[in-house]
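Trainee: I have a chain open here and would like to talk through how its parts are put together. Could you take me through it?

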Amino acid sequence: MSELPRIDVRELPSKGITYPEGWKVYYRPYSVGDILALSQSKLQLGDIYKKIAAGIETVGFPVENLLWNDFILLSLFRKCTSLPIEYFIADGEKCEKCGEPIDHRFHLEDLDFEEPKFNKNVIIIKVKDVEFRMRPWTLGMEIEKLETLDETKGVLDYLKLMVDGDKELFDKRMRECTEEAWKPLYQLWSYLFLTVWDLKAPCKKCGTENKISVRAGGRRLTPFCRSAGPAEVWIDLG
Ligand SMILES: [Zn+2]
């Protein structure tokens with residue numbers, strides 16, 4: 001690891017609720033070498049996350065066990081402390097009412113992270129009389145999802161990654177359930193996936209309040225990114 005200063009993080013969106021007692025998290029700004037490595041356009045998203053995570057140090061638990069929204073914040077911390085940026089720009093989308101391109105400036109403090117609704121590392125659910133241990137969505141699960149699942153996969157595949165135990169048995173039991181029984185599953189997904197709430201971006205032309213999603217992470221978490229056109233939202237450097 002480089003000699004760049006190590007910055008202690010005391011407050012995280014998850015409040016460290018799933019981390020062992022005495023946990024510590026540090027991050028370092030990017031070195032020039034890191035930035036060059038991350039600027040390669042051929043990098044897969046999973047590799048990008050691994051490179052971002054290489055500058056995050058966790059004590060008491062592996063970095064892969066960082067909850068997803070903690071990782072989003074830490075990525076943005078790494079980005080902000082490496083470069084003299086005053087604000088982020090969320091662009092690439094158009095106003096849902098009038099079509100005017102959205103060019104919304106915001107600060108890190110404007111991001112609103114979801115508070116955890118659980119206070120344990122493991123949530124036990126029962127499917128057809130079998131108990132399964134589920135863990136909240138982590139960086140490691142996000143990387144595993146990117147590396148093993150294609151885009152056609154659905155909520156069951158994501159939930160399988162959260163199962164701490166026999167994933168195939170979980171899959172089998174779930175497929176035996178009725179459609180009605182699946183409803184709580186969607187709730188469980190949103191319960192265990194801690195998010196960042198959408199940003200509200202008023203249109204400069206017509207005033208309509210548009211919503212910009214930042215929950216999915218993506219290349220916007222890297223120190224540099226280019227706008228990818230209207231289909232995607234990017235948070236770029238100011
Ligand atoms: Zn508008």
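Mentor: We can go from the overall picture to one of the sheets, then to a hairpin and to the helix packing, keeping in mind that this is a predicted model.

Trainee: How many helices and strands are there in the chain?

Mentor: The chain has 7 helices and 10 strands, and of its 238 residues 26% count as buried.

Trainee: And what share of the contacts join residues at least 24 apart?

Mentor: If you take the contacts between residues at least 6 apart in sequence, 71% of them join residues that are at least 24 apart.

Trainee: OK, on to the sheet with E1 in it. In what order do the strands come?

Mentor: The order is E1-E2-E3, in an open sheet of 3 strands with antiparallel pairing. Strand E1 (7–9) and strand E3 (56–59) are at the edges and have a single partner strand each, so one side of each is left without a neighbour in the sheet. From one strand to the next, the twist averages 25 degrees.

Trainee: How many bridges hold each pair?

Mentor: E1 is joined to strand E2, residues 24–27, by 3 bridges, while E2 and E3 pair over 4 bridges, again in the antiparallel sense. To find the register on your screen, look for Val9, which stands opposite Val25 in E2, and then for Tyr26, whose bridge partner in E3 is Glu57.

Trainee: What about Asp8, buried or exposed?

Mentor: Asp8, which is found in strand E1, has 9 C-beta neighbours inside 10 Å and therefore counts as exposed, the limit for that class being 12 or fewer. Its C-alpha atom is separated by 6.2 Å from that of Val25, a residue 17 places away along the chain.

Trainee: And along E3, which side chains are buried?

Mentor: The side chains of E3 alternate, with Ile56 and Thr58 pointing to one face, where they are buried, and Glu57 and Val59 pointing to the other, where they are not.

Trainee: Which helix lies across those strands?

Mentor: That is helix H3, residues 68–82, which lies across E1, E2 and E3 and runs at about 35 degrees to E2.

Trainee: Changing topic, how many residues are there between the strands in the hairpin of E6 and E7?

Mentor: There are 2 residues between the strands in that hairpin, and Lys128 takes a positive phi near 50 degrees. The strands themselves, E6 (residues 123–127) and E7 (residues 130–134), run antiparallel and are joined by 5 bridges, with Ile123 standing opposite Met134 in E7.

Trainee: Now the helices. How do H2 and H4 cross?

Mentor: The axes of helix H2 (residues 45–53) and H4 come within 8 Å and cross at roughly 155 degrees. An angle over 145 degrees counts as roughly antiparallel, and H2 and H4 are therefore placed in that class. Their crossing is left-handed.

Trainee: Which residues meet there?

Mentor: From H2 you have Leu45, Gly46, Tyr49, Lys50 and Ala53, and these meet Leu139, Glu142, Ile143, Leu146 and Glu147 in H4. By type, the residues of the contact of H2 with H4 divide into 6 nonpolar, 1 polar and 3 charged.

Trainee: Ile143 caught my eye there. What does it touch?

Mentor: Leaving out residues up to four places away in sequence, Ile143 touches Gly46, Tyr49 and Lys50. The C-alpha atoms of Ile143 and Tyr49 are separated by 7.4 Å, although the two residues are 94 apart along the chain.

Trainee: So why does Ile143 count as partly exposed?

Mentor: Ile143 has 19 C-beta neighbours inside 10 Å and so counts as partly exposed, because a buried residue needs 20 or more.

Trainee: Last one: how do H4 and H5 cross?

Mentor: The axes of helix H4 (residues 139–148) and helix H5 (residues 155–162) come within 10 Å, and the crossing is at roughly 135 degrees, so H4 and H5 are oblique to each other. The crossing of H4 and H5 is right-handed. Met141, Glu144 and Lys145 in H4 meet Tyr158, Leu161 and Met162 in H5, and the residues of this contact divide into 4 nonpolar, no polar and 2 charged.

Notes: Residues are numbered from 1 along each chain as its sequence is written. This is a predicted model: local features need pLDDT of at least 70, side-chain atom pairs count only at pLDDT 80 or more; totals for chains, interfaces and linings use all residues. Axes are lines fitted to C-alpha atoms, for helices over the stretch in contact, and angles run from 0 to 180 degrees between N-to-C directions. Angles under 35 degrees count as roughly parallel, over 145 as roughly antiparallel, 65 to 115 as roughly perpendicular and the rest as oblique. A crossing is left-handed if the near helix is turned anticlockwise from the far one by less than a right angle, and right-handed if clockwise. Two residues are in contact if their C-beta atoms, placed from the backbone, lie within 7 Å. Ala, Val, Leu, Ile, Met, Phe, Trp, Tyr, Cys and Pro count as nonpolar, Asp, Glu, Lys and Arg as charged, and the others, Gly among them, as polar. Two strands pair if DSSP finds at least two bridges between them.
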